[in-house]
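Me: I would like a close look at one part of this chain, a patch on its surface, and then at how that part fits into its surroundings. Please take it slowly and connect the pieces.

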Amino acid sequence: MKMRKNIELKFIFWIIVVIFALFLVVPLLVLLGRSIVGEQGITFEFYSSVITRKDFLPALGHSFWVAAVAALFATAVAFVLAYVIHYTNTPRWFKQTIKAIAMLPMFLPTITYGFAIIYSFGKQGLITRLFGTQLFDIYGFMGLVIGYVIYTIPVAFLLTHNTMGYIDKKTLVVSKVMGDGNISTFWIAVLRPLLGTLAGAFVQAFFLSFTDFGIPASVGGSYDVVATTLYNKMIGGIPDFNRGAVVAVIMLIPSIGSICILRILERFNIRYNRISDVELRKNPVRDVSWGAVSSVLSVLVLSIFAVIFVVPIVEEWPYKTGFSPEHFQTVFMDSELVGSYIHSISMAFCTALFGTLLAYGAALITARSTLSNRYKRTIDSISLVTNAIPGMVLGVAYMFLFPGTPLQNTLTLMVLCNIVHYFSTPYLMMKNSLSKMNAGWETTAVLMGDSWIKTIVRVVTPNALSSLLEVFSYYFINAMVTISALVFIAGARTMVLTTKIKQLQYINKFNEVFVLSLLILITNLIAKALFSLLAKNGKKKNKVK
């Protein structure tokens, strides 16, 4: 039985290896080849010509600087919001509202943030009209920082929020008993245990900002960054594939560096043998002050997104502000736009379905199998590599590998790209879930004569259902909002909403842009609510059993 079980597990393992070999390793090797192989053979002329261009190093410097500033602000905002939830006695509804606002940006594509900033802070923007003057120049550094901060708050918040839930709050009491002042207690009981997580949140936010394309595509202006440089090289007026490949390879360097830094930072995480849930002492000054700061930050986030709800329902912003359903009618009567929505739903569903199966199979190998460590290390290595590959780089690599093949410009290729790109987090979610389950289920099933497949279907899967639904939800939502990779591989007949939004930008159809953005938001919110409800019901049924 053990031999048969290993055969089944090895079969799953080799399916995973083949998929990632074909759709991760080979494309990256082709990308690397295009950056060093010219008509005369191997050459580093492409690298030297790119690096010595007068506009490249400034663009690279801009990317590092604006990503670092945005990551710093995003980490600080995330800390404040998480602190209010875990270390104040503010009402429960208030904490739930803060959490919902912190997570809101992840339900929209990044390219929409840029348009929201334009329509909020531009010369005729909603906030500009409220203040009577334009507060700052939205194109360039300030626009990018605001967009990146909004984009990365959810990631930084999730990391900080989750870690705060595992900090032993008894340290607060001990510190006070020892006579420490408020600042010392804050450092010892809150900040010190979070240093590794906060540094990790900064690195993650930096990586996401550095590699994002959607925000600079809308508010970058003349402030060039590496992402727009890559896009212009590949899909500009005169495409330059070899030098585009060089830019893509250079984008990998900070990505790989960020992963190495995250591995090092794990050593600084404090782990408690026991976590005590201590009731926080009453402190109205603390609650009011932290609550006020978090409220201001939340209002600032919401104020930027408010325009998404306002512009589509007025006649013509900002000149005719009467209510009108005309823009929605225009979108739903346009078969091409409706087709893009159907493509998005189809792509997201298929990505979620097959991505969940792939992550589940990989997690079964590492968390629920007797296969040797070399198999498990291979899966973990795949997860680590996918986490370091920016979407734009993967899209460019596919652009090189698949032209002229049946996969070119197909939804199938887009689904495979999303599955590979977002594999790391779903795999880790499933691995953590499966590793916490009873380790003796498979052994007991073997003794009772059940096959490995039956054990997985009848015992493991029902107990993992809530985690499977969370993974499905993660894949679905990210597939709905992604643009970085798809902008290179989507075809005219396979446009999804995010790539369609990019296309509508060129012809200044911003009303349609906001309607499509609302469609994405509403779809993701409904999907999230549905999957969360199903996951909760799954947990309740398992508890009853």
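Reply: F349, L353, F354 and L357 together make a nonpolar surface patch of about 380 Å², in what is, it should be said at once, a predicted model. Of these four residues, L357 can be followed further: L357 is found in helix α15, which covers residues 335–367, and L357 has a relative accessible area of 52%. Because exposed means over 50% relative accessible area, L357 counts as exposed at that value.

Helix α15 also holds S344, and here the picture is the opposite one, since S344 has a relative accessibility of 2% and counts as buried. The cut-off for buried is under 20%, so the 2% of S344 falls within that class. As for what surrounds S344, leaving aside residues up to four places away in sequence, S344 touches M480, V496 and L497. Helix α15 therefore carries both an exposed residue, L357, and a buried one, S344.

One of those partners, L497, leads on to another helix, because helix α24 is made of residues 497–506. Two packed helices are described by the angle between their axes and the distance between the axes. For helix α24 and helix α5, the latter made of residues 110–121, the axes come within 9 Å and cross at roughly 35°, and the crossing of α5 and α24 is left-handed. The residues that meet there are I111, T112 and F115 on the α5 side and I501, K502 and Q505 on the α24 side.

A further local feature lies in the loop between α17 (391–401) and α18 (411–421), which is the place of N409. The phi angle of N409 is near 55°, a positive value in a residue other than glycine. N409 is partly exposed, with a relative accessible area of 32%, because partly exposed covers the values between the 20% and 50% cut-offs.

Set against the chain as a whole, these details belong to a predicted model with 25 helices and four strands. Buried residues, the class to which S344 belongs, make up 53% of the 545 residues in the chain. The chain exposes about 25500 Å², and carbon and sulfur atoms supply 65% of that area. Finally, among contacts between residues at least 6 apart in sequence, 80% join residues at least 24 apart, and the touching of S344 with M480, V496 and L497 shows, at the level of one residue, partners from a later part of the chain.

Definitions and conventions:
Residues numbered from 1 in each chain as written. Predicted model: local features only at pLDDT ≥ 70, side-chain atom pairs only at ≥ 80, totals over all residues. Heavy atoms only, no water. Helix = DSSP H or I, 4+ residues; strand = E, 2+ residues; numbered from the N terminus. Buried < 20%, exposed > 50% of the residue type's maximum accessible area, 1.4 Å probe, protein only. Patch = residues over 30% accessible without salt bridge, like charges linked within 9 Å, V, L, I, M, F, W, Y side chains within 5 Å. Areas by Shrake-Rupley, 256 points an atom, 1.4 Å probe, with all protein chains shown as cover. Salt bridge = Lys/Arg side-chain N within 4 Å of Asp/Glu carboxyl O. Contact = heavy atoms within 4.5 Å. Axes fitted to C-alpha atoms, helices over the stretch in contact; angles between N-to-C directions. Left-handed = near helix turned anticlockwise from the far one by under 90°.
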